[in-house]
Amino acid sequence: MGGPVTLAHPLIWRKGNVDMDEPQSLCQADRHPVILCGTDITKSFGGLRALDGIDFQLHEKEILGLIGPNGAGKTTLFNLIAGVYKPDRGIICFRDEPVTGLRPDQICKKGIARTFQITKPFLGMSVLENAVVGSYFGHHKRKGLKQCIEHAEGTLFLVGLEDKRNFLASQLTLGERKRLELARALSADPTVLLLDEVVAGLNPTEALDMVELIKKIRKEGVTILMIEHVMKAVMGASDRIIVLRHGQKIADASPEAIAVDKDVIEAYLGSGTYAHAQPS
Ligand SMILES: Nc1ncnc2c1ncn2[C@@H]1O[C@H](COP(=O)(O)OP(=O)(O)OP(=O)(O)O)[C@@H](O)[C@H]1O
Ligand SMILES: [Mg+2]
């Protein structure tokens, strides 16, 4: 097993430049082409409608924030995109191809990776082994174990965990576990990364570092959809923000517009939080 590889190695993703001359996707893009979109997404659990006719579009290389009160349906939307659940109604397209109904492993191999709200590392495995799981099982074409290990080492280097590669995952702090979640997802070499509260629970310095890391990942060509309750982080990182409440979309706008949106302030931000929520 070699030492940490250079940043350039794992991060020469297949994406890179967005070719604006390519045909427009099925979903109309207003900036970069739409890479992932959902139309009329609806999901109920028994009598509870967790998502109710949601439309969304994610543009290539965008960082799109997804916010809303507890129980608004944010994680449910991730679970639908990632194939954990099937929507009752509606369709999700990735690169103009419907992915609704595919299994999570099929969706991951198509290029959509996720992190979990509650970190779920394999506690008895090393940090490196955890990251290798992502590259070995999640990547669409990676073959040998050696390549998988090299790629996983690269992602650990990116998230700043290279020094802990031989630690057990159970020995990591919460902040480090969140970084490991990220490394494991990145090891699948995703085009789209779904981040479910990777900043929540971190101290202010760790939170700032995480936002910088998210921006760095986007710079490498990865498109990001992030759920976050830490307003400073989501306002600072996002190009655009969608707000859910009771399973419905109540706003879809720039962070600046969201911060002053009366419905959003009433439903979620509150007047006290509002001042804190200004984009940094
Ligand atoms: N598997 C499930 N079975 C039953 N109800 C569920 C299930 N998953 C989610 N729900 C319910 O659906 C609603 C939306 O949940 P979801 O986890 O998507 O909310 P969220 O916006 O992610 O909230 P939070 O900010 O607290 O994480 C909640 O009322 C939740 O209890
Ligand atoms: Mg959630």
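This report walks through a predicted model of a protein chain with a bound ligand, one region at a time.

## The chain as a whole

Let us start with the overall picture. The protein chain has nine helices and 10 strands. Of its 280 residues, 47% are buried. If you take the contacts between residues at least 6 apart in sequence, 66% of them join residues at least 24 apart.

## Around ligand 1

Which residues surround ligand 1? The list runs through Phe 45, Leu 48, Ala 50, Gly 68, Asn 70, Gly 71, Ala 72, Gly 73, Lys 74, Thr 75, Thr 76 and Gln 117. Two elements, β2 (48-59) and α1 (74-81), each give two or more residues to this shell. The most comes from α1, with three residues. Sorted by class, the shell has four nonpolar, seven polar and one charged residues.

Helix α1 deserves a second look. Is α1 mostly covered or mostly open? It is mostly covered, as eight of its eight residues are buried. You can follow them along the helix: Lys 74, Thr 75, Thr 76, Leu 77, Phe 78, Asn 79, Leu 80 and Ile 81. After α1 comes Gly 83, which has a positive phi, near 90°.

## The six-stranded sheet

Now find the open sheet of six strands, whose order is β6-β7-β8-β3-β9-β10, with mixed pairing. Why do β6 (112-114) and β10 (248-253) each have one side without a neighbour in the sheet? They stand at the edges and have a single partner strand each, so one side of each is left free of a neighbour there. From one strand to the next, the twist averages 20°.

At the β6 edge, β6 pairs with β7 (residues 192-196) in the parallel sense, over three bridges. Here Ala 113 stands opposite Leu 193 in β7. Helix α6 (residues 204-219) packs on the sheet and touches β3 (63-67), β7 and β8 (223-227). The direction of α6 makes about 150° with that of β8.

## Two packed helices

Next, turn to α3 and α4. Two packed helices are described by the angle between their axes and the distance between the axes. For α3 and α4, the angle is about 115° and the axes are 8 Å apart. Their crossing is right-handed.

Which residues meet where α3 and α4 pack? From α3 come Val 127, Leu 128, Ala 131, Val 132, Gly 134, Ser 135 and Tyr 136. They meet Leu 145, Cys 148, Ile 149, His 151, Ala 152, Glu 153, Thr 155 and Leu 156 in α4. By class, this contact has 10 nonpolar, four polar and one charged residues.

## Ala 131 and Glu 150 side by side

Ala 131 sits in helix α3 (residues 127-138). Is Ala 131 buried or exposed? Ala 131 is buried, because 31 other C-beta atoms lie within 10 Å, and 20 or more are enough to count as buried. Beyond its neighbours within four places in sequence, Ala 131 is in contact with Ala 152, Thr 155, Leu 156, Ala 183, Arg 184 and Ser 187. Take Arg 184 from that list: it is 53 residues from Ala 131 in sequence, yet the two are 4.3 Å apart in space, C-alpha to C-alpha.

Glu 150 belongs to helix α4 (residues 145-159). Glu 150 is partly exposed, because 19 other C-beta atoms lie within 10 Å. Glu 150 and Ser 187 are 37 residues apart in sequence and 9.8 Å apart in space, C-alpha to C-alpha.

Notes
Residues numbered from 1 in each chain as written. Chains lettered and ligands numbered in written order. Predicted model: local features only at pLDDT ≥ 70, side-chain atom pairs only at ≥ 80, totals over all residues. Near = placed C-beta within 6 Å. Helix = DSSP H or I, 4+ residues; strand = E, 2+ residues; numbered from the N terminus. Nonpolar A, V, L, I, M, F, W, Y, C, P; charged D, E, K, R; others polar. Pairing = 2+ DSSP bridges. Axes fitted to C-alpha atoms, helices over the stretch in contact; angles between N-to-C directions. Contact = placed C-beta atoms within 7 Å. Buried ≥ 20, exposed ≤ 12 C-beta atoms within 10 Å, placed from the backbone. Left-handed = near helix turned anticlockwise from the far one by under 90°.
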